[in-house]
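Subject: Structure for you to look at

Hello,

I am handing over a structure that will be new to you. Please open it and keep it beside this email as you read.

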Amino acid sequence: MSNSPVPKRVNSLALALLFAASFIPPFQAIGQETSASPFEEAGLGWLPTIPIQITAGVDMGYDDNATLTPSGEGSSFVGENVTLSYNRHTVPTQFYFLGIGRFDQYFNVNRNDVNGNVTMSLTHNFSTRLSFYASVFAAYQSQPNFRANVGPENVISDHFYTNDIFSLTYHWFPRFSMITSYTFNRVKYAQVSIGDSQDRVENTLSEKFQFSLTHRTNLIGEYRFEPINYDTAPTDSTTHFILGGIDHNLTEHLIVHARAGESFRSLENEGSTASPYLESVVDYVGSNHVLSWTSSYGFESPTATGVTTTKTWRTGLNLTYGLTSRLSSTTGVYYHHDENTGGTSSTGTQDSFNLTAGLLYTINKHFSLGLNYSHTTLGSLGSTPGYTENRYSGGVTYTY
């Protein structure tokens, strides 16, 4: 591990990543793989020199639709947050941890949000052939999640969500390997009226066959089995995926992951149906910026009451950019289009768009100033109206 001083530009970018994480729920990658830690994504695997970092912040702002309703009631708010990160690279084990806690108090409406999430990843190489990977994400939050298929996006309700991945990779030959993985998802709402249709457990078993065509290109064949069991709603399902794909390093900094194939879903009371399934991840890591673009199309768990089948086109882009040695920016754009069918109500299409943007100015090694803006547009679905929301905030952070 290097003991040399850390360049100011690198410090600004790393702090910007943590700052963005403290204001925005972490993104869950599509498919069966997750993103590396923010430091790894930025090519800063050796940061921080001391592996534990604590950042605390306070901010104030205004939300022009704090109730997420068509008419929209605005409110000023104040928020406090704390972020703890730990990033340790050793041989043969690598471990990363990110914990975020946040409290928002609104002055003009009856709303107080308590949010927290934990992200952990572990990689261990048992030998040159066998390795283990685990990724755990757990969150308790009130606001809707526009980055993943969790629940309805038109209500403010406390809920718990976790996405956990465990995988074993074995290299049978220099160019051929097998990856066996298990993914666990759990959604649980505190409000019974929402939980009756949303509370569920999703289990996914995957077997992936990987062939190294060249040192830059891997060919992929994959089978997934996904049973979904609801606590109350009679919409249990079982889905089989047959996929093929490629992982390709276009350049030293640009990596493309793509999967395509067919999925077959059997519903508890609605018979069986098939749908094409697509997913892709494009990652670009530069000296002072990180770009990640994810897309997917296929079956998702319905988030509207009365719907039995939902097909979703989902795409999201996240960019962190070090503008100068002290000034960094973060931008996120997320969109999805739902096609809802079956059931007795709330069928039809619905669109969701969410934009986040932020600037972080590093005063010194401890203090930073930040400005953040977010915009959300949710389309209507049947008799359920949509809404628009704009949120503005500014604050200060202190890094220990």
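Below is what was found, starting with the core and moving on to two single residues.

One caution before that: this is a predicted model.

**The core**

Which residues make up the largest nonpolar core? There are eight: Phe137, Ala139, Ala148, Val150, Tyr161, Val187, Tyr189 and Ile194. Two strands, β5 (130–141) and β7 (176–189), each supply at least two of them. In soluble globular proteins, nonpolar side chains tend to be buried together.

Take Val150 as a way in. Beyond four places in sequence, Val150 touches Tyr161, Val187 and Tyr189, among others. Its contacts also include Asn145, His159, Gln198 and Arg200.

**Leu278**

Leu278 sits in strand β12, which covers residues 271–285. Is Leu278 buried or exposed? Neither: its relative accessible area is 39%, so it counts as partly exposed. Arg259 lies 19 residues away in sequence, yet the C-alpha atoms of the pair are 5.7 Å apart. Arg259 is also one of the contacts of Leu278. The others, outside four places in sequence, are Ala260, Ser295, Ser296 and Tyr297.

**Thr309**

Now go to strand β14, residues 309–322, where you will find Thr309. Thr309 has a relative accessible area of 10%. The cut-off for buried is under 20%, so Thr309 is buried. What does Thr309 touch, neighbours within four places aside? Its contacts are Leu267, Phe299, Pro302, Glu339, Asn340 and Thr341.

Best wishes

Technical notes
Residues are numbered from 1 along each chain as its sequence is written. This is a predicted model: local features need pLDDT of at least 70, side-chain atom pairs count only at pLDDT 80 or more; totals for chains, interfaces and linings use all residues. Side-chain values use heavy atoms; hydrogens and water are left out. Helices (H or I, at least four residues) and strands (E, at least two) are DSSP runs, numbered from the N terminus. Buried means under 20% relative accessible area, exposed over 50%, partly exposed in between (1.4 Å probe, protein chains only). Contact means heavy atoms within 4.5 Å. A nonpolar core is a set of buried Ala, Val, Leu, Ile, Met, Phe, Trp, Tyr and Cys residues joined through side-chain atoms within 4.5 Å.
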